[in-house]
Every structure is written in C-alpha cells, then in structure tokens.
Amino acid sequence: MDPVPADPLMRRHRTALRLCFAIPGLALATWVTRTPDVRDRLGASTAEMGLVLFGMSIGSMLGILVAAALVTRFSTRPVIVAGMCLVLASVGTTALGTAVSSAPSVAFGLLLLGAGVGLSEVASNVDGAGVERELGRPVLPALHGCYSLGTVVGAGLGVAGAAVGFPVPWHLAFVLLLVVGLFAVAAAGLRPGTGRPEGTAPGPGGEAPAGDTTTAGRERRLYLDPRLLLIGGVVFGVTLAEGTATDWLPLLMVDGHDMPSGLGSSVYAGFAAAMAAGRFAGGPVVARVGRPAALGGGALLTAVGIALVSFVDSPAAAGCAVLLWGLGTSLGFPLALSAAGESGRDTTGRVALTSRIGYVALLAGPPALGFVGEHHGLRTAMVPVLLLVLVAAALSPATASRPRHTGAADEGGARLPGPAVRVPGTTDAD
C-alpha cells in the first residue's frame, strides 16, 4: 500500500472510493453465488438464464454510454452517488423478484444493477485516475482490489447462505441493509469537482471552439486514436474473462464438472480471493517487470486457467485452475486504465472510454455465452473467451509508459498537477 496522504480530505476521499469500488463487487458476488438457487427457483434453462442476465447487459450499456457525458457535466461525485443508488435499488428488486419467482422482475433488478455499476464504476475510475495524477503513484490496482475484496465478502456470504439453505430473498435483503450502511459512510467522504474539464469557455460569438472542446468532438478523436484502441483491445479481453467468471463460474462448475451447488459457489469465492490478492500485491511485480509484461503475463496465466477448466475433465484440476484464472486477470483492468489515462490529453475522456469498453465486456459480453452453452455446453462456451484473452496478451505492448510533461494542458484546458508526475503502474506499489 502507498503512504497515507497527509491531506485529511484526501484520506476521507480515498476511503470513500474504496467503499464505492467494494459495494458493486459485494452486490454482484451476492447474485453470482446464488445463481444456481435462483435458476432452480425460476425453473429456467441455461438459455433462459442467459436472457435474464441480458437485463444486466442492457442496464450496463445504458449506464456506460451516458457516464462520461454526465461526469464531464456534473463531475464524478453526483454520478457515483446516482450509480450507487441504482445498485441499492437493484438488490431490493432482485430480492422481490426471486421471492415471487418472477424472471422479468429478476431481469429488471439486474438491469438496475448493470446501470448502477456502469455509472458508478466509470465515474469511480475517472476519480481514481485523478487521484493517481495528484499523488504521482498508482492507486487504481488497490481500488480495484477493494472491488475484488467486496466480491470475496459477497461470495463468502453466498457460500454460507447456500450451504445452510438460507432463502435467497432473505439473503438479498440482508445484503441490502449491509450495502446501505456502507454507502452512507462513502457518500460523506467523496470530494466534489473531480473529472470536470476546466477552461472550456465558449469562443467568439458564444460557440465552442470548433471540434476541440465539445464532448462529441473529443469522443470522435479518441475513437480514432490507434494506441487507445489497442489498449481497449487489452481491456476487452481481460475484462471479458473476469465477467465470464462472475456470471458463469458457479454454473460452470455445477453443470460442467458435476460439483454440488455449494462447492461451485466456493470455487467462485476462490476466484474472487485470487483476484483480490493479485490486485493488492501486484504493485511490486509491476514495478519490477513493467506494465506490458505484467499485463501480458497475466493474460497468459488466465488463458492457462481457462484452458484447464474447459478441456481437462477433472473437478479438482478445474478448481485449482480457477485460481490461475483469477490471479492472471487481477491486474488487467486497473493497469490498462492507468495506461489509457496517460496515453494523451483528455484524461477523463480516455479513462471513461476505456472503462466503457471494459464494462461492456464485463457485464454485456458474458450473457451471450449462455446461448453457446445451451447447445454445446458451458465448458465449450469458454473457448471464445480463451481466444480473446490470447489477443489481449498479444496487444499488451501497447500499454507501455509514456512520460507526461509537467504543466501541459489537458484536453479542455485542465492542467496536470505537481512538479513531476510519475507514471502510474511503473513506480511505487499501491
């Protein structure tokens, strides 16, 4: 972990950000570990569960598509708060839908979850990238570690609930009370103003400078940036692997390797624990070998884990391989976001765009695998994920560091702080 910031407002802000990363992980893992029980309660097939999960896909797309524009207009704090409120509403809605065995209600609850995660996580990543620039050292890996820690807690509660046969609606109601309390603490510590471009005053005649400072103009340029698109390819592969485990790992163990329901949920808890360990302990590794090597090596480790789960007909081997899957995936998203943030001007737009790609893969990609799994089995459905992870490994050199000069104006006129900004992902460990 990095040294504690001297500014008490910064300390409170970082604590709030840690909670804002942990809460979606807790809510998502609670859902994931109870999917076999929810599937049985709804009486849904694998393809029908894929349709239910598409509620999360639709919500995540809506949240992700509007998050950057909302951050630019209102700053990160109100967007994070709005997203967190949707996450809380999703837990309650899913609990009610499960209680009445209503697949549409569960799907709507997942829509709220996807929208809330899309809004809050994009804004939280922009905020975290701003903290990195302010402190001059990486903080995103540890913040994403808090997300993984939230998944560990949620998975642990889910495993315990499944083991004792605790009813899913009551389990979700308990988690709702827990996350409401955590969010109350987080909301009080968030600083206002982060992520809003400065110096975007209208030009002569009241018009914005042509093609430079409008949101649409900035986004068009970002979509044409070759290096940023390569970083987006890395993000897509590694976050698809993470999202696939989140959505399907318990069912993959139960249906693909004939594990009992409780053991399948325990395997997911192991995946989440491996991710958390990798994110909290990965800083020294990145400092030693560099960001491209850490990303590429992690992607290859993920590929080995997915291949063992898919092709080796052994529950024990699959359970151990999941740890490789989680450890290899752990640093992919936060390191790629750091690379995107330093890849050029308009840091907010670059981090938001890369986050958008990541959350599309994380939340919208995995449900489509249900249709492949329905016809060919879930183990076979992992093959496309394996191939995209290998593509991410091949693209990892695009995340190499580029020094940023002091005092250079960011897109929209914001100026980079500090006398010398050290590149996140290549300096002291968080």
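How many of the 26 residues of H1 are buried? Select H1 and see: 20 of the 26 are buried, so this helix is largely enclosed by the rest of the structure. Buried means under 20% relative accessible area, exposed means over 50%, and partly exposed lies in between (1.4 Å probe, protein chains only).

Before moving on, note that this is a predicted model, in which local features need pLDDT of at least 70, side-chain atom pairs count only at pLDDT 80 or more, and totals for chains, interfaces and linings use all residues. Residues are numbered from 1 along each chain as its sequence is written, and side-chain values use heavy atoms, with hydrogens and water left out.

**Stop 1: H1 and H5**

Stay on H1, residues 8-33. Helices (H or I, at least four residues) and strands (E, at least two) are DSSP runs, numbered from the N terminus. From its first C-alpha to its last, H1 reaches 37 Å, close to the 38 Å expected at 1.5 Å a residue. The expected span is 1.5 Å times one less than the number of residues in the helix.

Now add H5, residues 103-135. The axes of H1 and H5 come within 10 Å and cross at roughly 150 degrees. Axes here are lines fitted to C-alpha atoms, for helices over the stretch in contact, and angles run from 0 to 180 degrees between N-to-C directions. H1 and H5 are therefore roughly antiparallel to each other. Angles under 35 degrees count as roughly parallel, over 145 as roughly antiparallel, 65 to 115 as roughly perpendicular, and the rest as oblique.

Look at which residues meet there. The contact of H1 with H5 has 14 nonpolar, five polar and four charged residues. In this scheme Ala, Val, Leu, Ile, Met, Phe, Trp, Tyr, Cys and Pro are nonpolar, Asp, Glu, Lys and Arg are charged, and the others, Gly among them, are polar.

Within H5, pick Ala107. Ala107 counts as buried, at 17% relative accessibility. Measure across to Thr94: the two are 13 residues apart in sequence and 7.8 Å apart in space, C-alpha to C-alpha.

**Stop 2: H4 and the loops around it**

Select residues 76-99 for H4. This helix has 24 residues and spans 35 Å from first C-alpha to last, close to the 34 Å expected at 1.5 Å a residue.

Go to the loop between H3 and H4, where Ser75 lies. Its phi is near 80 degrees, a positive value in a residue other than glycine. Ser75 is buried, with a relative accessible area of 4%.

Now take the loop between H4 and H5, and click Ser101. Ser101 also has a positive phi, near 55 degrees, and is a residue other than glycine. Is Ser101 buried or partly exposed? Ser101 is partly exposed, with a relative accessible area of 37%.

Ser102 sits in the loop between H4 and H5 as well. Ser102 is buried, at 18% relative accessible area. Draw a distance from Ser102 to Arg41: they are 61 residues apart in sequence, with 9.1 Å between their C-alpha atoms.

**Stop 3: two long-range pairs**

Select Gly50 in H3, residues 46-74. Gly50 counts as buried, at 0% relative accessibility. Its partner for this stop is Gly373, 323 residues apart along the chain, with the two C-alpha atoms separated by 9.4 Å.

Next, pick Ser266 in H10, residues 261-289. At 31% relative accessibility, Ser266 counts as partly exposed. Add Ala162: the pair is 104 residues apart along the chain, and the C-alpha atoms are 9.8 Å apart.

**Stop 4: cysteines**

How many disulfides does a search of the whole structure find? The search finds zero. A disulfide is taken as a pair of cysteine sulfur atoms within 2.5 Å.

Finish with two cysteines. Cys85 is partly exposed, with a relative accessible area of 39%. Cys320 counts as exposed, at 53% relative accessibility.
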